[in-house]
Amino acid sequence: QVQLVESGGGLVQAGGSLRLSCAASGIIFSINAMRWYRQAPGKQRELVATISGRIANYAASVTGRFTISRDNARNTLYLQMNSLKPEDTAVYYCNADVKATLVGQYMNYWGKGTLVTVSS
């Protein structure tokens, strides 16, 4: 089994920065794509950023402000969030495609989320 644990959320003023981390642990042979999602109160969960290999993609709402990165040696995903806005307030979830063995299939896993609150 694989666990994804997010950290780094908290309360920040508008214009501030936060760095989220997501540590993957368990039986891991390979991790393919990793993603950050967020869900604001009363809204659907939305994809914020994806990284696969060295290719990163972002939602239009965060382009230029957020940067996704990963440390493959540590099986850790990051999200650097700058110029935060009140509308960035949400629970941020880590998501990853993980393979446990060489011949196995990639399975999709979710973390439990970390809350980011941006005050105006």
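# Strand β9 and its surroundings

Strand β9 is mostly covered, with nine of its ten residues buried (buried means under 20% relative accessible area, exposed over 50%, and partly exposed in between, using a 1.4 Å probe and protein chains only). Keep in mind that this is a predicted model: local features need pLDDT of at least 70, side-chain atom pairs count only at pLDDT 80 or more, and totals for chains, interfaces and linings use all residues. Residues are numbered from 1 along each chain as its sequence is written, and side-chain values use heavy atoms, with hydrogens and water left out. Strands here are DSSP runs of E with at least two residues, numbered from the N terminus, while helices are runs of H or I with at least four residues.

**Who pairs with β9**

- Strands of a sheet pair through backbone hydrogen bonds, either parallel or antiparallel.
- Strand β4 (residues 30-39) runs antiparallel to β9, and eight bridges link the two; two strands count as paired if DSSP finds at least two bridges between them.
- On that β4 side, Ser30 has Lys99 of β9 as its bridge partner.
- β9 also pairs with strand β10 (residues 107-110), antiparallel again, through four bridges.
- Asp97 has its bridge partner in β10, namely Asn108.
- Strand β11 (residues 114-119) joins β9 by three bridges, also antiparallel, and Ala90 sits opposite Val116 of β11.

**Lys99, a buried charge**

- Lys99 lies in strand β9, which covers residues 90-99.
- What does Lys99 lack, although it is buried? It has no salt bridge, and the nearest side chain of opposite charge, Asp97, is 12 Å away.
- For that count, Lys and Arg are positive and Asp and Glu negative, while His and the chain ends are not counted; a salt bridge is a side-chain nitrogen of Lys or Arg within 4 Å of a carboxyl oxygen of Asp or Glu.
- The Lys99 side chain does reach the backbone oxygen of Leu102, at 3.3 Å.
- Leaving out residues up to four places away in sequence, Lys99 touches Ile28, Phe29, Ser30, Gly104, Gln105 and Tyr106 (contact means heavy atoms within 4.5 Å).

**Trp110 in β10**

- Trp110 is found in strand β10, and its relative accessible area of 37% makes it partly exposed.
- The C-alpha atoms of Trp110 and Asn95 are separated by 4.6 Å, although the two are 15 residues apart along the chain.
- Not counting residues up to four places away in sequence, Trp110 touches Leu4, Tyr37, Arg45, Tyr93, Cys94 and Asn95.
- The side chains of Trp110 and Asn108 share a polar contact of 3.4 Å (a pair of N or O atoms within 3.5 Å; within protein, one must be able to donate a hydrogen and the other to accept it, and residues adjacent in sequence count only if both atoms are side-chain atoms).

**Salt bridges**

- Side chains of opposite charge can pair when their charged atoms come close.
- How many salt bridges does a search of the whole structure find? The search finds five.
- Arg35 and Asp97 form a salt bridge, with their closest N and O atoms 2.6 Å apart.
- This pair links distant parts of the chain, with Arg35 in β4 and Asp97 in β9, 62 residues apart.
- Both Arg35 and Asp97 are buried.
- Glu46 and Arg38 meet in a salt bridge at 2.6 Å, N to O; Glu46 is partly exposed at 34% relative accessible area, whereas Arg38 is buried at 6%.
- Arg38, Glu46, Arg65 and Asp88 are linked in a network of salt bridges.
- Arg74 forms a salt bridge with Asp71, where the closest N and O atoms are 3.7 Å apart; Arg74 is exposed at 60% and Asp71 partly exposed at 23%.

**An open four-stranded sheet**

- Four strands form an open sheet in the order β1-β3-β8-β7, with antiparallel pairing.
- β1 and β7 (66-71) stand at the edges with a single partner strand each, so one side of each has no neighbour in the sheet.
- β1 pairs with β3 (residues 18-26) through six bridges, and Gln3 stands opposite Ser25 of β3.
- Side chains alternate along β1 (residues 2-7): Val2, Leu4 and Glu6 point to one face and are buried, while Gln3, Val5 and Ser7 point to the other and are not.
- Six bridges join β7 to β8 (residues 76-81), where Ile68 stands opposite Leu79 of β8.
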